[in-house]
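Subject: Structure handover

Hello,

Here is the structure I said I would pass on. My notes follow below it.

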Amino acid sequence: MENIKKLSVDFGTELGVIKPMHAVGSPPVVGANVSFFHYLKEANIPYSRLHDVGGAFSSNLYVDIPNIFRDFNADENDPASYDFVFTDYLLKNLLDNNCQPYFRLGVSIENHHTVKSFRIDPPSDNHKWARICEHIIRHYNEGWADGFHYGIVYWEIWNEPDSNHTGFGNGCWNGTSEQFFELYRVASKHLRSCFGDTIKIGGYGHCGFYAITDDKLTGAIAMGTDHALDKWEIRKIGFIEFFEQFVDMVVSENLPFDFFSHHSYASVEQTLIMHRYAADYLAKKGLSHVEIHLNEWNCNARIPERGRSIASACTTAMMCAMQYEKMDMMCYYDARLGVSYYAGLFNPMTFQPTCVFYAMKAFGKVYAMGTQVALSGTDSKLYAVAAKGENGRSVLISNIGADTQVETDLPATMTAYLVDENNYLVQTDLDSKSFLLKENQVIYLEETV
């Protein structure tokens, strides 16, 4: 029997703004080559989270505190102690392409940490580290040291410090949970005292709430196949423990905490479960006002799925699904160029965009509309979001299930564009009122004025 779904869109019922669900991690930089940044502008990518810039093995050039402040024994109040050149270059080119920096204060992952690590130990002086961060922010937002007035909003303290909570580590933090809590305590209070509410302070790039779904295999794959499942059992529980201890500390000490960031490399349904747990826990602790960012995610971080229809469909489904949640931003991991399980937007050999890029470009068109409107008829296999704006209205639909006949109450005048591994946001003659959406296929429908 044919699978039939009926979607209904009410353009008269507004639900709020379309949120930046299509932000990215590291931008497409190769060494000092930023010529591919135009793709960020083309897809209307709103933010790039600056973590692992240049690849997970770090280029030793950009953003990381040791790349900007190369001698921790130097005077943090002296502009001569800072090397801003490469990060200045990166940020200027991001902004020239209408992409806002989301600045991670810390270091890139060291995937070679089992042999030797260099930069992932806790700072020897948390107060000095906080003052270094202060001067970096002043350089980019207040013009300090021949700097700029960029007005960068998001400043994230570290990344995945819970990676070492149970003693196994993943190359981000060699310290204990208590050492990170002290770093966050000192840095967040200092930065708030310096900048007030002109910036948003948060963190900490939580490794993932995989224990909530009890999916051993997904979790082990997400964290690397070198981890045995028995170790994974210990690790995943530790991630939850670390999160709850951190939140309890923030609440009890009334620390600055404007946004909470977490990660997932699981499916859409699993990620929804994990995210709802985090949102519920924050609300229970009186932090429902805190923004939530899924600032590392990729539901297809596997070589056989890279650049395939399953990846563009799942990516679209995740963006659509989270639009309805207590989610303020998502950053796909990531937009780098080259060979990586996680770099799904570009072909690693040709550097040409994949269908996943065009799925994000389609969401960028929805984002440009501005206002989300009511839509009904979706389920755990068919995801959709609808929007309207001054320039028209649009609907984005992803089918991660079997081939489906979609019936809608949309006007027949809407233009349809397909996304899959054979159609890169290609205009088609599909009837917007009734069409077949194949498995792992995305359709973008638009009517402009």
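Start with one residue pair: serine 434, in strand E16, sits opposite glutamate 407. Bear in mind throughout that this is a predicted model.

**Strand pairing**

The partner of E16 here is E13. The two strands run antiparallel and share four bridges. E16 covers residues 434-437, and E13 covers residues 404-408.

E13 also pairs with strand E1, residues 4-17. That pairing is parallel, again with four bridges. One contact to look up is isoleucine 4, whose bridge partner in E13 is glutamine 405.

How many of the five residues in E13 are buried? Four are, which leaves the strand mostly covered.

**Cysteines**

How many disulfides does a search of the whole structure find? The count is zero. Cysteine 314 is in no disulfide. Its nearest cysteine sulfur belongs to cysteine 299, 4.7 Å away. A disulfide needs the two sulfur atoms within 2.5 Å, so this pair does not qualify.

Cysteine 355 is in no disulfide either. For this residue the nearest cysteine sulfur is that of cysteine 314, at 11 Å.

Are these two cysteines buried or exposed? Cysteine 314 has 14% relative accessibility, so it counts as buried. The cut-off for buried is under 20%. Cysteine 355 has a relative accessible area of 0%, so it is buried as well.

Best wishes

Technical notes: Residues numbered from 1 in each chain as written. Predicted model: local features only at pLDDT ≥ 70, side-chain atom pairs only at ≥ 80, totals over all residues. Heavy atoms only, no water. Buried < 20%, exposed > 50% of the residue type's maximum accessible area, 1.4 Å probe, protein only. Pairing = 2+ DSSP bridges.
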